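Biologist: Hi! Could you pull up the model and walk me through it?
Modeller: Happy to, here it comes.

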Protein chains: 2
Amino acid sequence: MKTAPRAQDVAALAKVSQSAVSRTFTPGASVSEETRRKVLAAAKMLGYRPNALARSLITRRSRIVALVMSYLDNQFYPLVIEQLSQRLQKAGYHVLMFIAEVDEEADGVLAEILDYQVDGIIMASANLSPRLANSCADLGVPVVQFNRVMEQRGRGRSKISSVTSANESGGRMAARLLVERGYRRIALIAGLENASTSIERERGFTDELAVLEMRLWNREVGHYDFHRAQEATQRLFAGDERPDGLFVANDHMAIAALDMLRQELNLKVPEDVGVIGFDDVPQAAWGAYRLTTVRQDLEPMIDATVALLCQQMTGELRPADIVVPCALVERATVRQRPPSTA
Amino acid sequence: MKTAPRAQDVAALAKVSQSAVSRTFTPGASVSEETRRKVLAAAKMLGYRPNALARSLITRRSRIVALVMSYLDNQFYPLVIEQLSQRLQKAGYHVLMFIAEVDEEADGVLAEILDYQVDGIIMASANLSPRLANSCADLGVPVVQFNRVMEQRGRGRSKISSVTSANESGGRMAARLLVERGYRRIALIAGLENASTSIERERGFTDELAVLEMRLWNREVGHYDFHRAQEATQRLFAGDERPDGLFVANDHMAIAALDMLRQELNLKVPEDVGVIGFDDVPQAAWGAYRLTTVRQDLEPMIDATVALLCQQMTGELRPADIVVPCALVERATVRQRPPSTA
DNA sequence: CTGAAAGCGCTAACAC
DNA sequence: GTGTTAGCGCTTTCAG
């Protein structure tokens, strides 16, 4: 267990100064072809690679980006991790992962993140307190929230960026489809009361219902959790006057609802009740579900997130809020046309 | 955008030396209650926290652990990420995440990892070349492979650790169950030809079949991929003499097979064909599938991984290979008793 | 283009 | 217990 070779060692072997070694490993530094060759040869011999920590200490750029997440049981987020890390890796950054407890404000973890001098932070499905948003801004560490926005949206220039899909508009689409297909007693399962995604989807949904001169039949909260969504479904369908249409704030819960509806309550979907989810996770397309849903377009969301963060890290851009359109994906949990008896 | 306060600044404000500041932030260093109080007060005023990079440079311990993964579409791995990061966080480590392309050897990414002076490496569902395994060992960076073992298993003292479940024994269980329940034309869908999980599960399965004086009816490779598993299923059931029992190397593919069997081929499970998966991912329990499967017991696997790594990082332990038992989970894709006509 | 020298922010001897 | 000092491995002036 020998210790790793240092620039000094390479310099000695190549018979050049240590700074020459540094320069060969610094893109865009001026070194003669001759020295570069010697250094590279010596480096290869020793298996030398620059110590990223020491480099960061002096350059004040760690090339590390923190990614804060929760809800990994919702398959949407693994996809986010996968794509984000790959894109960030390609851009020359490395990802420090933090799992935040669901529903807690991620403040504790954030202090630790900052200790590592990260160049930027991505918060996905995690809430950032305004206080910490400020201290990040003060330190010049850009933050982009993914799929979440801060409470006082729109009020004044926010200091942190966000990338979300058009949740409200997605909610509207769901409402329109359900009504158009002849469902009349329409209920909703919300996600988390304090999550902007859930709030916005619900608002869009109920607003559009109002436009169509209908009212929400009933409402329960599923906390973006599989089991709790099943309980919510049960409660929704416990009374005599059962709903016949259901909008669920995400696919993960919609699938839970579907299982409950079919296996436990012996209801037929889409005949007895129509169901719409949100996200379009891979499972929504699985043969046993074929869930009609509102798609969040992951790729442009990732693109925007990485672009936004990178530009802010290089100081090219100020914080911004980006909204990516949603699209309705019709599969088999909403009927194709209103029942002829209607 | 002010720059972060340094220990120097705190020292000045508290009217003590800079080393006093360092000591108050070093657990187990000797500082009088008096100084400690002054330093803490000053630190709070300025919002000081030690720079982890600078600290690591000198202590030669970064408290960073690298986690290399792929296959995030298999829900087993998001769970692994979630649990591992939480446990590592609790142990005072931070997680640098890398997504490796499926099927490539993760050598490229590993060099970058080592640049960051990580204290340890966990490779989950990713293959490490023996060459790099050696260079990690040389550098004194412990590696534990999660759910994968190196090719030349058993031969001499390996330099890196592994945590796996008893894949072979799991495969045997599957074979026994299928035969016991009267299935006779038994086929298999393998994962990846070069993945130890797939190889071992298959070996256990066919070996046990042999013990029971049966032979594998047919075999296809699904590459641990949803779509390719569906194609494999199609091929398996294309001929005249269809299999009536199917062991699939993981749940992710088993679900794909189930969809294909029921939706496309109009076969009844478990009547026409019995299906067994491997892993027991959350989706296997979903109402629409209720997949009979071999459970990998995640918690003890995580425990072992974290314990192993931590002990090796502190030098308490040499590399080891740990194998966690599997358990059969019966649900609804294998019939309860052999058909009476048999 | 190259080497010498300073120093990033911190910890760890070492004297006192 | 405390301050002083010497680096950790590297980048970056600054002369030459």
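Modeller: Below we go through the overall form, the pairing of the chains, the DNA contacts and a few backbone details.

Biologist: Great. What kind of model is this?
Modeller: It is a predicted model.

Biologist: Okay, how many helices and strands does chain A have?
Modeller: Chain A has 12 helices and 12 strands.

Biologist: And what is the radius of gyration of chain A, set against a compact globule?
Modeller: Chain A comes out at 26 Å, whereas a compact globule of 342 residues would be near 20 Å. Along the principal axes, the C-alpha atoms of chain A fill a box of roughly 90 × 45 × 30 Å.

Biologist: Which rotation superposes chain B on chain A?
Modeller: A rotation of 180°, with 0.0 Å of shift along its axis, and the RMSD is 0.1 Å. That is how a two-fold axis relates two copies. The contact surface is shared too: 100% of the contact residues of chain B recur in chain A.

Biologist: Which residue of chain B comes closest to that axis?
Modeller: That is B:Leu96, with its C-alpha at 2.2 Å from the rotation axis.

Biologist: Switching to the DNA: how many residues surround strand D, and which are closest?
Modeller: There are 25 around DNA strand D, and the closest are A:Ala7, A:Gln18, A:Ser22, B:Ser19 and B:Arg60. By class, the surface near DNA strand D has 10 nonpolar, 10 polar and five charged residues.

Biologist: What share of the strand D atoms within 4 Å of the protein is sugar or phosphate?
Modeller: For DNA strand D, 55% of those atoms belong to sugar or phosphate, and the rest belong to bases.

Biologist: Can you give me some individual contacts there?
Modeller: Sure. In the side chain of A:Arg55, an N or O atom is 2.6 Å from a phosphate oxygen of DNA strand D. For A:Tyr48, the distance from a side-chain N or O atom to a phosphate oxygen of DNA strand D is 2.9 Å. B:Arg23 goes to a base instead: a polar side-chain atom lies 2.7 Å from a base nitrogen of DNA strand D. The elements giving two or more residues to the surface near DNA strand D are helix H2 (18–24) and helix H4 (52–59) of chain A, together with helix H2 (18–24) and helix H4 (52–59) of chain B.

Biologist: Does any record cover that part of the chain?
Modeller: An unreviewed UniProt entry places "domain: HTH lacI-type" at residues 5–59 of chain A. In the model, that span of chain A is 67% helix and 0% strand, and its end C-alpha atoms lie 21 Å apart.

Biologist: And strand C, which residues are closest there?
Modeller: DNA strand C is surrounded by 25 residues, the closest being A:Thr35, A:Arg60, B:Ala7, B:Gln18 and B:Ser22. Sugar and phosphate make up 61% of the atoms of DNA strand C that come within 4 Å of the protein. A polar side-chain atom of B:Tyr48 is 2.8 Å from a phosphate oxygen of DNA strand C, and a polar side-chain atom of A:Ser19 is 3.3 Å from a base nitrogen of DNA strand C.

Biologist: Last topic, the backbone. Where is the cis peptide bond in chain A?
Modeller: It joins A:Val269 and A:Pro270, with omega about 10°. A:Pro270 sits in the loop between helix H11 (251–264) and strand S9 (274–279) of chain A. In chain B, the bond from B:Val269 to B:Pro270 is cis, with omega near 10°.

Biologist: What is the phi of A:Tyr71?
Modeller: A:Tyr71 has a positive phi of about 60°, although it is not a glycine. A:Tyr71 lies in the loop between strand S1 (64–69) and helix H5 (76–90) of chain A.

Technical notes
Residues numbered from 1 in each chain as written. Chains lettered and ligands numbered in written order. Predicted model: local features only at pLDDT ≥ 70, side-chain atom pairs only at ≥ 80, totals over all residues. Heavy atoms only, no water. Least-squares fit on C-alpha atoms with pLDDT ≥ 70 in both. Contact = heavy atoms within 4.5 Å. Near = heavy atom within 4 Å. Polar contact = N/O pair within 3.5 Å; in protein donor to acceptor, adjacent residues only side chain to side chain. Helix = DSSP H or I, 4+ residues; strand = E, 2+ residues; numbered from the N terminus. Nonpolar A, V, L, I, M, F, W, Y, C, P; charged D, E, K, R; others polar. UniProt positions renumbered as here; feature names shortened; annotations may be inferred. Rg over C-alpha atoms; globule rule 2.2 N^0.38 Å.
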